[in-house]
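User: Please explain how the descriptive terms applied to this model are justified.

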Amino acid sequence: MIDLKDLRENPDKYRNGVRDKCMQVDIDRLLALDEARRAILTRVENARSEQNKISKEVGPRIGQLKGKLKGAAGDEKDRLEMEIASLEAKPAELKALVAEEERHLGAIEPEFKALWLQVPQPPAADVPRGKGSDDNVEIRRWAPAGWDFGRTFAENRGFKPRTHLELVKLHHLVDFERGVKMGGTRHYVLAGLGMRLHQAVLRYAVDFMADKRGFTPMGVPVIVKEECMVGTGFFPAGREQAYHIEESKRGSGHDMYLTGTGEVGLMGLHAEEILQADQLPLKYCTVSTCFRREAGAAGKDTAGLYRIHQFDKVEQVVVCKADEAESRAWHRQMLETVEMILQSLGLPYRLLQCCTGDLGVKNEDMIDVESWMPGRGEMGKDGAPTGEFGETHSASRLGDFQCRRLNLRYKDEHGKMRFAYALNNTVAASPRILIPLLEMHQQADGSVVVPEALRPYMGGIAKIG
RNA sequence: GGACAGGUGUCCGAGCGGUUGAAGGAGCAGCAUUGGAAAUGCUGUAUACGGGGUAACCUGUAUCGGGAGUUCGAAUCUCCCCCUGUCCGCCA
């Protein structure tokens, strides 16, 4: 959610933000509604002020008269009743006026709020302009010794690669058929060493965050109220993407939503709170099951572990002071974490600076990390896929956008109330990360070497198959 | 799920129809006192939005779990919802 005062003072900043993010939000309509709303509010407040003044002056008098009325009779009684009626007339008039104005307010308020929630956080100044993922800019890439991005898998390794689909089948790591039987399309069952590998990556990532990076691991709800979804900025834009539990339809309480990322639970933690400056930065991580409807992705990545309705993810968030330099420093630190983890797993990757058009409503700067997946991409001449980068991580800076919505504030050194800045980043998302993990570490005989870093979490197993 | 009891400021706690943004206490901050400290005394101690002012600040409105209602006037009365506690039932 953006600052309305800032919107009024710098409307172009937000008009440009909408344009650069290739979104459609009528800023001028919002400005007009805001002005109308404030005009009404001023009238209501003035009337209320008058009302309050009168009721302070007249109220006790009415009370007195009503007291007298009880013991009165005849002319005296009529006189008292008339006086009371005349005293009550003035506030009644104001009351009608307030009711009238509030009707006007009620007429524009829903549209005003809906529009306000839609205004995206403008991209940071140094984010490249672009329309979509094709315009993202590669920052750097890394590969372990012996891997050359310029050559095919076969050229690098001396044998034709199997896809992760073939590998999981070969070693009975994933059972897609039974997953689909139970959950429908885009579901799967992790089995045996597949489940252990999945757990190993997650546990490795959590331990890495806690032990090496000083983050506090948390277990947070994955079923949350709408406020959490709106507060974290996923709603209204991402409403179609979330599973909806319609408890209210069963006559009880409120509806709930399944979260698509641990970010929701982590950021919701301190919603509506006022923190002391010395409590910042907050550094949290969580491992949580993530649920995504994948609405609008029909027919895309239908096979395998890439795009699924349910997965587990280790997520990190930082809530820091409202300082751009500090936020950028945390952003770099988060990416460093990801690089350390991918390097320790021996997975080639590249960093992409996302362009303005690829940003969501809530972020002002986002860097995607894509891991090399040999089994993706078009068929090569040798009958093996040519390989392709696939997104495995994403690190965003949100400025104060999210904390505004969540009403997460802190008192700075001067005692001033400020909205904190927030960042979030994937540490490891599995089973998607199993795709490069299996494909990159496969051997000519189809066996898969378990990276050293994961072996302690695999009961010491060094090789699958 | 059923039956009670509750939800008031940073915290405890009063108020149950009228100058109550809210008594009293604790905490915290400032000042005084002191060689320094404790103790004591005094003062201050919410947030949001709007208006005014360069600013310190002044001013209006709202906020006593949330929403709706009754009333000239609601923290106080009514209804719905949420949450917490206790007992019972069920249960990983």
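The exchange below concerns a predicted model and sets computed values against the criteria behind each term.

User: How do you know which parts of chain A belong to which domain?

Analyst: Chain A is divided into domain 1, residues 26-118, and domain 2, residues 133-464. These bounds come from an automatic or database domain assignment. The C-alpha centres of domain 1 and domain 2 lie 53 Å apart.

User: Why is Arg-186 called buried?

Analyst: Buried means under 20% relative accessible area. Arg-186 has 9% relative accessibility, so the term applies. Arg-186 sits in the loop between α7 (176-183) and β3 (189-190).

User: What makes the backbone of Arg-186 worth a remark?

Analyst: Most residues other than glycine have a negative phi. Arg-186 is not a glycine, yet its phi is positive, at about 65°.

User: Which term, buried or partly exposed, fits Asp-301, and why?

Analyst: Partly exposed covers the range between under 20% and over 50%. The relative accessible area of Asp-301 is 21%, and therefore Asp-301 is partly exposed. Asp-301 belongs to the loop between β9 and β10 (310-320), and its phi, near 45°, is a positive value in a residue other than glycine.

User: Why does Gly-179 count as buried, and where is it placed?

Analyst: Gly-179 is placed in helix α7. Its relative accessibility is 3%, which is under the 20% limit, so Gly-179 counts as buried.

User: What residues does Gly-179 contact, apart from its neighbours within four places in sequence?

Analyst: Gly-179 is in contact with Gly-184, His-187, Tyr-188 and Val-189. The criterion is heavy atoms within 4.5 Å. As for Leu-190, which is 11 residues away along the chain, its C-alpha atom is separated from that of Gly-179 by 8.7 Å.

User: How do you know that the span of α11 agrees with the expected value?

Analyst: The expected span is 1.5 Å times one less than the number of residues. Helix α11, residues 324-344, has 21 residues, and the expected value is 30 Å. From its first C-alpha to its last, α11 reaches 30 Å, close to that expectation. Buried residues of α11 include Trp-330, His-331, Met-334, Leu-335 and Ile-341.

User: What is found at the start of α11 and just after it?

Analyst: At the start of α11, a side-chain oxygen of Asp-323 reaches to within 3.3 Å of the backbone nitrogen of Ala-325. The limit for a polar contact is 3.5 Å, so this separation satisfies the distance criterion. Just after α11, Gly-346 takes a positive phi of about 70°.

User: Which peptide bonds are called cis, and what are their omega values?

Analyst: The bond from Phe-235 to Pro-236 is cis, with omega near 5°. The bond from Leu-280 to Pro-281 is also cis, with omega near 0°. Most peptide bonds are trans. Pro-236 lies in the loop between α9 (226-231) and β6 (244-245), while Pro-281 is in the loop between β8 (274-276) and β9 (282-291).

User: Why are β6 and β7 said to pair, and what makes β5 and β6 edge strands?

Analyst: Pairing requires at least two bridges between two strands. β6 and β7 (residues 256-258) are joined by 2 bridges, so they pair, and they run antiparallel. His-244 stands opposite Tyr-257 in β7. The open sheet has 3 strands in the order β5-β7-β6; β5 (223-224) and β6 are its edge strands, each pairing on one side only.

Methods:
Residues are numbered from 1 along each chain as its sequence is written. Chains are lettered from A and ligands numbered from 1 in the order in which they are written. This is a predicted model: local features need pLDDT of at least 70, side-chain atom pairs count only at pLDDT 80 or more; totals for chains, interfaces and linings use all residues. Side-chain values use heavy atoms; hydrogens and water are left out. Helices (H or I, at least four residues) and strands (E, at least two) are DSSP runs, numbered from the N terminus. Buried means under 20% relative accessible area, exposed over 50%, partly exposed in between (1.4 Å probe, protein chains only). A polar contact is a pair of N or O atoms within 3.5 Å; within protein, one must be able to donate a hydrogen and the other to accept it, and residues adjacent in sequence count only if both atoms are side-chain atoms.
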